[in-house]
Amino acid sequence: VEPSVCRAVSAAARAEFGGGQHYVRAIDRETRDARAQELVKLGASAKLVAREVGVHPATVRRKRSGWL
């Protein structure tokens with residue numbers, strides 16, 4: 001990617017969201033959580049769900065009560 005394109009995208013992000021820095025998440029949490037919720041409802045263990053979606057098993061256990 002050309003540096004001028006990177007600068008233009010960075011400037012647009014700053015203009016839209018404010019501030020001198022911006023952060024773009026590497027993952028889509030909504031999609032990840034939807035997949036984890038689906039696996040939990042199918043009866044998968046916290047360890048298996050965590051491995052599948054890339055989180056710690058404690059995260060799955062913590063969120064599981066809200067999903068069921």
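**View 1. Gly54 comes right after helix 3, and its phi is positive, near 85 degrees.** The model shown here is a predicted one, where local features need pLDDT of at least 70, side-chain atom pairs count only at pLDDT 80 or more, and totals for chains, interfaces and linings use all residues. Residues are numbered from 1 along each chain as its sequence is written, and side-chain values use heavy atoms, with hydrogens and water left out. Helices here are DSSP runs (H or I, at least four residues), numbered from the N terminus. Two other glycines make a good match for this view: Gly43 follows helix 2 with a positive phi near 95 degrees, and Gly18 sits just after helix 1 with a positive phi of about 80 degrees.

**View 2. Helix 3 has a buried side and an exposed one.** Ala46, Val49, Ala50 and Val53 are the buried ones (under 20% relative accessible area with a 1.4 Å probe, protein chains only; exposed is over 50%, and partly exposed is in between). Looking down the axis of helix 3, these buried residues fall within an arc of 100 degrees (taken from the directions from the helix axis to the C-beta atoms), so they line one face of the helix. Lys47 and Arg51, on the other side of helix 3, are exposed. There's a simple rule behind such patterns: an α-helix has 3.6 residues a turn, so residues three or four places apart point the same way. Helix 2 and helix 4 are among what covers the buried residues of helix 3.

**View 3. Helix 2 covers residues 29–41.** Its 13 residues should span 18 Å at 1.5 Å a residue (the expected span is 1.5 Å times one less than the number of residues), and the end C-alpha atoms are indeed 18 Å apart. Arg32, Asp33, Ala36, Leu39 and Val40 are buried in helix 2. Seen down the axis of helix 2, the buried residues fall within an arc of 120 degrees, so they line one face. Over on the other side, Glu30 and Lys41 are exposed. The buried residues of helix 2 pack against helix 3 (46–53) and helix 4 (57–67).

**View 4. Asp33 has its place in helix 2.** The side chain of Asp33 makes a polar contact with the side chain of Arg32, at 3.3 Å. (A polar contact is a pair of N or O atoms within 3.5 Å; within protein, one must be able to donate a hydrogen and the other to accept it, and residues adjacent in sequence count only if both atoms are side-chain atoms.) Setting aside neighbours within four places in sequence, Asp33 is in contact (heavy atoms within 4.5 Å) with Lys63 and Trp67.

**View 5. The largest cavity holds about 40 Å³ of space.** A cavity is a set of points, on a 1 Å grid over the protein atoms alone, where a 1.4 Å probe fits but cannot get out; lining residues have an atom within 4 Å of a point. Its lining includes Arg32, Asp33, Val55 and Trp67. Helix 4 gives the largest share of that lining, four residues.

**View 6. Val55 sits in the loop between helix 3 and helix 4.** Not counting residues up to four places away in sequence, Val55 touches Arg32, Ala50 and Val60. Val55 and Ala44 are 11 residues apart in sequence and 14 Å apart in space, C-alpha to C-alpha.

How values were computed. 1 Å grid on protein atoms, 1.4 Å probe; cavity = no way out; pocket = protein on both sides within 12 Å on 5 of 7 lines; lining within 4 Å. Points joined across faces, edges and corners; volume = space filled by probe spheres on them.
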